[in-house]
Amino acid sequence: MLSYAPKSPDGTWPCEEVRNVLEDLSNSKIENGLVIGKSNQRGVVCRGPGGGQERELVDNYTSLAEKVRAHWPRTARVLDSLVRHYETEAKYWDDLKKQSEFE
């Protein structure tokens, strides 16, 4: 449910109310669920070659994490988890592209 949280008026995701809940609860299961929920929201993706789409998500979540890190460190860690998830996916798609080029 928290993965569907809106952005704050300044465009930062998740909204401040959800960031406060994450900090107050300090619950790794809820945080992991938010990461899974957010990544699942992506749904089916039309692919171009390589992991460029995922690197755009990495840049987005990295920027969001840096914006909230000072006041909401647990929220920043959740966003860092999304960064790692999409870095792994980008590498997978890059490797698959390289492999298909050699075939």
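Begin by selecting Glu 16 and Ser 8: the backbone nitrogen of Glu 16 lies 3.2 Å from a polar atom of the Ser 8 side chain. The model on display is a predicted one.

**Around Ser 8**

Keep Ser 8 selected and follow the chain around it. Ser 8 sits in the segment that precedes α1, the helix of residues 16–25. Ser 8 counts as buried because its relative accessible area is 10%, under the 20% limit. Now display its surroundings. When residues up to four places away in sequence are set aside, Ser 8 touches Pro 14, Cys 15, Glu 16 and Arg 19.

**From Ser 8 to Pro 14**

One of those contacts of Ser 8, Pro 14, is the next selection. Pro 14 also belongs to the segment before α1. Show the backbone here: the peptide bond joining Trp 13 and Pro 14 is cis, with omega at about -10°. Such a bond merits attention because most peptide bonds are trans.

**The whole protein**

Clear the selection and view the complete chain. The protein has four helices and zero strands, and its elements run α-α-α-α from the N terminus on. Taken along the principal axes, the C-alpha atoms fill a box of roughly 50 × 25 × 20 Å. Of the 103 residues, 34% are buried. Among contacts with a separation of 6 or more, 59% are between residues 24 or more positions apart.

**α1 and α2**

Next, select α1 and α2 together. Two packed helices are described by the angle between their axes and the distance between the axes. For α1 and α2, the angle is about 145° and the axes are 9 Å apart. Show the side chains where they meet: Val 18, Leu 22 and Leu 25 come from α1, while Ile 30, Glu 31 and Leu 34 come from α2. By class, this contact has five nonpolar residues, no polar ones and one charged one.

Between these two helices, select Ser 26, which is found in the loop from α1 to α2. Its phi is near 45°, a positive value in a residue other than glycine. That sign is worth noting because most residues other than glycine have a negative phi. Ser 26 is partly exposed, with a relative accessible area of 41%.

**α2 and α4**

Keep α2 (residues 28–40) in view and add α4 (residues 73–102); these helices pack at an angle of about 45°, with their axes 10 Å apart. The angle therefore makes α2 oblique to α4. Their crossing is right-handed. To display the contact, select Ser 28, Glu 31, Leu 34, Val 35, Lys 38 and Ser 39 of α2, then Arg 74, Val 78, Ser 81, Leu 82, His 85 and Tyr 86 of α4. This set comprises five nonpolar, four polar and three charged residues. Glu 31 and Leu 34 of α2 take part here and also in the contact with α1.

**Arg 47**

The final stop is Arg 47, in the loop between α2 and α3 (52–68). Arg 47 is partly exposed, with a relative accessible area of 30%. Which residues does Arg 47 contact, leaving aside its neighbours within four places in sequence? They are Arg 42, Gln 53, Glu 54 and Trp 93. Display the side chains of Arg 47 and Glu 54 to see a polar contact between them, at 2.9 Å. Lastly, add Leu 57, ten residues from Arg 47 along the chain; the C-alpha atoms of the two are separated by 14 Å.

Key: Residues are numbered from 1 along each chain as its sequence is written. This is a predicted model: local features need pLDDT of at least 70, side-chain atom pairs count only at pLDDT 80 or more; totals for chains, interfaces and linings use all residues. Side-chain values use heavy atoms; hydrogens and water are left out. Buried means under 20% relative accessible area, exposed over 50%, partly exposed in between (1.4 Å probe, protein chains only). A polar contact is a pair of N or O atoms within 3.5 Å; within protein, one must be able to donate a hydrogen and the other to accept it, and residues adjacent in sequence count only if both atoms are side-chain atoms. Contact means heavy atoms within 4.5 Å. Axes are lines fitted to C-alpha atoms, for helices over the stretch in contact, and angles run from 0 to 180 degrees between N-to-C directions. Angles under 35 degrees count as roughly parallel, over 145 as roughly antiparallel, 65 to 115 as roughly perpendicular and the rest as oblique. A crossing is left-handed if the near helix is turned anticlockwise from the far one by less than a right angle, and right-handed if clockwise. Ala, Val, Leu, Ile, Met, Phe, Trp, Tyr, Cys and Pro count as nonpolar, Asp, Glu, Lys and Arg as charged, and the others, Gly among them, as polar.
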